[in-house]
Each structure stands twice: as structure tokens, then as C-alpha cells.
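Reader: Hi! I'm new to looking at protein structures, and I'd like to zoom in on one spot instead of skimming everything. Could you walk me through the surroundings of a single residue and show me how they fit into the whole chain?

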Amino acid sequence: MTVPAAPDRTDPGYRSPILDRPGAVDAPGPGPDAGVPFHFGDPFAEQRAATTDVVVVDRSHRDVLTIGGAERLSWLEGFVSQHVADLPDRSGAETLILDANGRVEHHMVLADVDGTLVVDTEPGRGAALLAFLTRMVFWADATPQTADLVVVTLAGTGLPGTITAPDGTPVELPRGDYASAPLPGGGIARRMPWPAAGSIDLLVPRADLTAWFDSAVRSGARPAGSWALEAMRTAESVPLRARLGVDTDEKTIPHEVPAWIGEVAQRGAVHLDKGCYRGQETVSRVHNLGKSPRVLVRLHLDGSGGDQSLTPGAAVTAGGRPVGRVGTVVHHHEDGPVALALIKRSVAPGTALEVDGVSAALDPDSLPDDSGPQAGREAIRRLRGQG
């Protein structure tokens with residue numbers, strides 16, 4: 001696999017060349033998806049296309065790194081939340097890096113292909129992630145560096161088994177969550193469980209972004225913007241998937257996002273039987289003896305007019321008292337205005353909520369099924385003869 005290296009992209013004025021395509025509209029104002037198409041003139045049609053066919057979404061603003069070296073996986077195993085040391089070639093995973101108190105600092109999507117680990121993360125977070133990884137190298141045979149790769153995502157129920165590369169080469173898409181394969185001309189294809197089941201991320205050389213995007217369109221994919229992708233993730237993903245720094249804050253711990261909990265086969269980012277990494281004590285304590293103070297839920301909004309003007313981080317209130325924070329806000333083609341929010345677990349379905357003057361209702365279907373007893377508490381009960 002060919003992976004070109006380049007300086008980290010930290011330019012806040014990034015503008016994708018796909019914005020020059022007919023109908024492409026940039027996201028309004030500053031935000032996590034500025035610089036890539038928000039939509040191509042008909043965002044609801046783009047969302048509907050994903051339910052019956054396939055769409056292609058430019059996500060070239062994401063930050064991409066690579067890690068080379070024979071010890072790259074065993075080295076990474078020492079400080080991330082997922083078991084990664086024994087990842088087979090051409091497979092991948094999601095994982096977190098936590099601080100000493102168990103709060104989430106980084107979320108990474110991994111793909112290990114032909115001796116190189118490809119890592120992508122949220123826009124603007126690559127420099128901090130690279131700095132951390134570099135500090136952790138010490139004497140290990142591991143070489144983290146920036147990569148001049150960009151992400152293009154294919155999603156939808158009509159996703160084919162093969163696509164055509166810009167040079168005309170048929171490319172068989174990998175099967176199975178996080179399965180990965182090299183692409184002709186450099187880069188990789190990786191199967192993903194979100195924003196919709198069976199999505200494909202193409203991580204391709206930046207110089208080939210337009211060629212791959214256009215090739216996907218010629219293969220039958222409809223151009224779609226970040227609006228459509230976020231609508232899929234927010235309104236259709238089960239369980240809910242959070243974006244770090246958008247749906248989370250500096251206090252977020254892994255259990256507040258239930259989708260992050262689980263091994264690779266469960267599409268999680270935190271293996272509950274893995275120890276000896278920074279922040280693991282918090283993960284273990286919450287899993288065995290309690291529940292997280294907040295949980296990621298979906299809200300249905302009323303009166304926003306679909307203008308998505310609510311700001312991530314705005315307070316969610318009940319009876320005038322703060323009970324959480326809102327994250328992603330998007331207008332879904334069927335469900336109307338919806339949002340993700342971290343709210344206190346004590347908030348019951350049916351509670352009247354409000355975000356910046358907009359009425360909101362908790363979607364009970366988004367609540368995690370964690371009503372059962374914790375394993376640790378059951379063990380304590382048995383020791384006390386109460387079980």
C-alpha cells in the first residue's frame with residue numbers, strides 16, 4: 001500500500017475542490033464540517049437516495065495519520081481502550097485515548113493494511129493526536145506521521161460489491177465491519193458500520209480526491225453532503241454514534257456513549273476485559289459498580305424551522321434547570337428536526353425539555369438498554385449472601 005506523507009492539515013480555511021461541483025453548497029458559518037459540501041441543492045433527496053440507493057460524501061476535512069513499524073500494534077495496545085495488538089492484516093477497529101480520569105481525549109478509526117496502520121480522526125484533531133502519539137513512542141518500532149490521505153464515504157442500501165477506480169480498474173469492496181484493502185494508486189477501502197450499516201470509507205491520496213469522487217458518481221453514487229451523512233448518523237444509527245467534540249465535551253467518559261462500549265466484533269471502541277491503560281480504572285468502575293452520569297440520546301425538536309441554528313454545547317433544560325448539552329442538530333427528511341444530546345440519566349421519557357427556546361422531547365427508542373444489575377454489584381451481593 002502506498003501512503004504519501006505530508007504536513008498535517010490544520011488550516012481553518014480549508015476548502016475542498018468538490019465545492020466547485022455544480023450545486024455544491026458549503027456549510028453555513030464556522031462549524032465542524034466547514035470546507036466540504038453541506039449539500040448539492042436538494043438535501044432531502046440526498047437523504048432519500050441513501051435509503052434506496054447509494055450516495056458519495058466528501059469528508060476530506062478529516063485528519064489522517066499513519067503508523068508504520070513492526071511494533072505499531074503492540075505499542076498502541078499499551079495506551080488505547082481497544083484490543084488492537086492482534087488485529088489481523090487488512091482489518092481495523094475503533095478505539096479511544098483517555099486521560100487519567102477516564103475522560104475521552106481522542107477517538108480513532110483504524111485500518112491495518114500491508115504493514116501500515118491508517119488512522120483517521122475528527123477534523124482539526126490530528127495535530128494533537130500526532131503530538132501525543134509521538135511522545136509515546138520512546139524506543140518502540142513505531143513511526144506515527146501525518147498522511148496526505150482524504151476520506152470519501154459511500155453509504156446507502158444500494159451499495160454495490162465493486163466500484164471502478166479512476167483508472168478503470170474494478171475494485172472489490174471489503175466485506176465485514178472494519179475489513180480493509182489497498183486501492184489501486186494508493187490508499188485503502190474500509191468497511192464501516194456507520195453512518196449506515198455496510199458503509200465504505202475510501203481513504204485516497206489528496207491529489208486524487210476529485211478523481212475518486214467523480215469515479216464513484218460514474219459508478220452510480222449520488223453526490224451528497226455532510227447534511228445527509230449527519231442525518232443518517234443522528235436519526236438512523238443504532239446505537240447512536242457520537243462525534244468527539246461535537247456530541248461530547250471535555251467531561252465525557254466512554255460509557256456516556258453506549259456505542260463505544262464493546263470489543264471489535266461488537267463495533268465498539270472500549271474492550272471491557274482490557275486493562276493497563278490510562279483511564280481504565282474509570283471504565284471498570286462504571287461498568288461494574290454504577291452507570292455514567294449522562295448518556296447520549298436523540299431529541300426530537302419542535303419550532304426550529306429546520307434551520308439547524310442550535311449550537312453544539314447549548315444547554316438542554318427541564319423546568320429551567322440544565323440537564324445536559326446538545327450536540328449534532330440536523331433536519332431529517334422523515335423525522336424532521338432532530339438532535340443528539342448528552343443528558344442526565346435521571347431525565348425520564350416524557351419530560352418537557354428545551355434548548356435555546358426550542359421545545360424538545362427525548363426519543364425513548366434511543367435510550368440504552370442498561371436497566372439490568374452491574375456485574376460488580378451482583379458479585380458483592382453474592383459475597384454478602386444476598387444473591
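Author: Sure, and let's start with a term: accessible areas come from the Shrake-Rupley method with a 1.4 Å probe. By that method the chain exposes about 15900 Å², and carbon and sulfur atoms supply 51% of that area. Keep in mind that this is a predicted model, so every value here is computed from it.

Before we zoom in, here's the big picture. Seven helices and 21 strands make up the secondary structure of the chain. Its radius of gyration is 21 Å, close to the 21 Å that the globule rule gives for 387 residues, so the chain is as compact as a globular protein of that length. Measured out along its principal axes, the C-alpha trace spans about 70 × 55 × 35 Å. Of the 387 residues, 56% are buried. And if you take the contacts between residues at least 6 apart in sequence, 67% of them join residues at least 24 apart.

Now for our close look: Arg241. You'll find Arg241 in the loop between α5 (226-235) and α6 (280-289). Is Arg241 buried or exposed? Its relative accessible area is 7%, and buried means under 20%, so Arg241 is buried.

What does the side chain of Arg241 meet in there? One partner is Glu94: a polar contact of 3.4 Å joins the two side chains. Another is Arg267, whose backbone oxygen lies 3.1 Å from a polar atom of the Arg241 side chain. Leaving aside neighbours within four places in sequence, Arg241 also touches other residues, among them Tyr178, Pro193, Trp194, Asp247 and Leu340.

Helix α5, at one end of that loop, leads us to another part of the chain. The buried residues of α1 pack against α5, and also against β2 (37-39), β3 (55-59), β9 (149-155), β15 (222-224) and β18 (321-332). In α1 (residues 43-52), the buried ones are Pro43, Ala45, Glu46, Gln47, Ala49 and Ala50.

Ala50 takes us one step further, to Gly156. Leaving aside neighbours within four places in sequence, Gly156 is in contact with Ala50, Asp53 and Val54. Gly156 sits in the loop between β9 and β10 (162-164), and at 10% relative accessibility it counts as buried. Gly198 is 42 residues away from Gly156 in sequence, yet their C-alpha atoms are 8.0 Å apart in space.

Key. Residues numbered from 1 in each chain as written. Predicted model: local features only at pLDDT ≥ 70, side-chain atom pairs only at ≥ 80, totals over all residues. Heavy atoms only, no water. Helix = DSSP H or I, 4+ residues; strand = E, 2+ residues; numbered from the N terminus. Rg over C-alpha atoms; globule rule 2.2 N^0.38 Å. Buried < 20%, exposed > 50% of the residue type's maximum accessible area, 1.4 Å probe, protein only. Contact = heavy atoms within 4.5 Å. Polar contact = N/O pair within 3.5 Å; in protein donor to acceptor, adjacent residues only side chain to side chain.
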